[in-house]
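Trainee: I should like to take a close look at the paired side chains of this protein, both the charged pairs and the ring pairs. Could you please guide me through them and set them within the whole?

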Amino acid sequence: MANLDQYNKERQELIDVRRQKAGSNAQQVVHTHAYAKPKTLKQKISNIWYHYKMIIFGILFVLIVFTVWLVNALQQPVYDATFLILSERSFSGAETLISTGLKSFVSDADQNGEILLDIETFDLISENDTEISPQMQEMTTAKAIGRVSTRKDFVFMLDETGYENLKSIGMEFEDISSFTGSDTPQGDKYSLKGTRLSEKMELNAALNDMFLCFADFDSYSDNLQNDTEMQELHESQRSFFQAMIDYQ
């Protein structure tokens with residue numbers, strides 16, 4: 001009996017020792033995996049970077065895109081007048097020469113002491129020109145349509161092809177008699193052939209089949225006609241056009 005009691009006692013002691021050991025190991029595991037809060041500044045920065053680096057990358061990307069947009073917007077020049085050329089005859093490369101001749105007709109609309117004239121040329125392609133692919137012709141036409149679709153350009157130098165291209169997309173031009181005060185109908189084209197204006201632009205015979213047109217503001221939507229900025233733009237561009245055709 002004594003031996004049995006001794007056996008039970010030793011067995012219970014062994015069980016207690018195992019329980020104590022198991023409890024100690026469990027506490028050690030919990031302690032090992034317990035989260036240690038960052039204490040130093042370096043640890044805190046590393047912790048933030050580890051958990052939020054994708055969000056940080058996203059914010060940086062948005063800031064870079066916004067900064068590029070803002071810089072471009074601030075550097076974008078404000079023009080006092082615009083002059084668009086659409087024709088089968090190429091005037092690319094002559095923009096500086098044309099600008100020199102026309103700047104004297106432009107008023108300083110923004111009163112900054114500097115005259116800026118925006119001249120853009122669109123070299124249209126004749127249907128008989130087999131050296132140019134239809135894709136290139138479509139690209140040029142699409143670029144021209146994209147520019148005039150803003151409705152912020154009023155002064156145009158065109159040939160018949162350029163004229164028909166703009167009319168086909170709904171562009172309307174003002175009757176020239178509204179500028180000259182003449183009762184004689186002159187249509188919406190001011191021919192440059194033999195004019196002093198063509199001499200001033202130093203292009204002479206190159207302008208024999210070219211003419212000036214002015215966009216008809218009355219054909220614009222009511223929203224654009226009632227927009228103060230558009231009204232001021234129309235008036236300044238009209239003065240520019242008037243000065244050119246008055247140059248006799």
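Mentor: Let us begin with the whole: the protein has 9 helices and 5 strands. This is a predicted model, and along the sequence its elements follow the pattern α-α-β-α-β-α-β-α-α-β-α-β-α-α. Of its 248 residues, 29% count as buried. The accessible surface comes to about 16700 Å², and 54% of that surface belongs to carbon and sulfur atoms. If one takes the contacts between residues at least 6 apart in sequence, 70% of them join residues at least 24 apart. The side-chain pairs give particular examples of links across the sequence.

We turn to the charged pairs. Side chains of opposite charge can pair when their charged atoms come close. The structure holds 6 salt bridges. One of them joins the side chains of E120 and R147, with a distance of 2.4 Å from N to O. Because E120 lies in strand β2 (residues 117–123) and R147 in helix α4 (residues 134–148), this pair ties together parts that are 27 residues apart in sequence. R147 has a relative accessible area of 18% and is therefore buried, the limit for that class being under 20%.

A second salt bridge is formed by K189 and E160, at 2.8 Å from N to O. K189 lies in the loop between α6 and β4 (190–191), whereas E160 belongs to helix α5, so the pair ties together parts that are 29 residues apart in sequence. K189 counts as partly exposed, at 29% relative accessibility. E160 is partly exposed as well, with a relative accessible area of 42%.

A third salt bridge is that between R238 and E174, whose closest N and O atoms are 2.8 Å apart. This pair links distant parts of the chain: R238 is in helix α9 (residues 228–245) and E174 is in the loop between α5 and α6, 64 residues apart. R238 and E174 are both buried. In addition, salt bridges that share partners join D118, E120, R147 and D153 into one network; E120 and R147 are the pair described above at 2.4 Å.

D80 offers a contrast to these charged pairs. This residue is found in the loop between α2 and β1 (81–87). D80 is buried yet has no salt bridge, and the nearest side chain of opposite charge, that of K103, is 8.2 Å away. A salt bridge requires a nitrogen within 4 Å of a carboxyl oxygen. Apart from its neighbours within four places in sequence, D80 is in contact with several residues, among them V106, S107, D108, E114, L116, S236 and Q237.

The aromatic side chains come next. A search of the whole structure finds 12 aromatic pairs. One of these consists of F156 and F173: the ring centres are 5.8 Å apart and the planes stand at 75°, so the pair is edge-to-face. F156 lies in strand β3 (residues 155–158) and F173 in the loop between α5 (160–168) and α6 (177–180), so the pair ties together parts that are 17 residues apart in sequence. F156 is buried, with a relative accessible area of 0%. F173 also counts as buried, at 6% relative accessibility.

Y163 and F211 form another pair, which is edge-to-face because the ring centres are 6.0 Å apart and the planes are at 75°. Since Y163 lies in helix α5 and F211 in strand β5 (residues 211–214), the pair ties together parts that are 48 residues apart in sequence. Both Y163 and F211 are buried. Elsewhere, ring pairs link F154, F179, F214, F217, Y220 and F241 into a cluster.

Finally, consider nonpolar side chains on the surface. I48, W49, Y52, M54, I55, F57, I59, L60 and L63 form a nonpolar patch there, and together they have about 950 Å² of accessible area. One of these residues, L63, has its place in helix α2 (residues 41–75). With a relative accessible area of 47%, L63 is partly exposed.

In summary, R238 and E174 are both buried and form a salt bridge, whereas D80 is buried yet has none.

Note on methods: Residues are numbered from 1 along each chain as its sequence is written. This is a predicted model: local features need pLDDT of at least 70, side-chain atom pairs count only at pLDDT 80 or more; totals for chains, interfaces and linings use all residues. Side-chain values use heavy atoms; hydrogens and water are left out. Patches are made of residues with over 30% relative accessible area and no salt bridge: like charges are joined within 9 Å, nonpolar side chains (Val, Leu, Ile, Met, Phe, Trp, Tyr) within 5 Å. Accessible areas come from the Shrake-Rupley method with a 1.4 Å probe; for residues, only the protein chains shown count as cover. Helices (H or I, at least four residues) and strands (E, at least two) are DSSP runs, numbered from the N terminus. Buried means under 20% relative accessible area, exposed over 50%, partly exposed in between (1.4 Å probe, protein chains only). Lys and Arg count as positive and Asp and Glu as negative; His and the chain ends are not counted. Contact means heavy atoms within 4.5 Å. Rings of Phe, Tyr and Trp (its six-membered ring) pair if their centres lie within 6.5 Å; planes under 30 degrees apart count as stacked, over 60 as edge-to-face and the rest as tilted.
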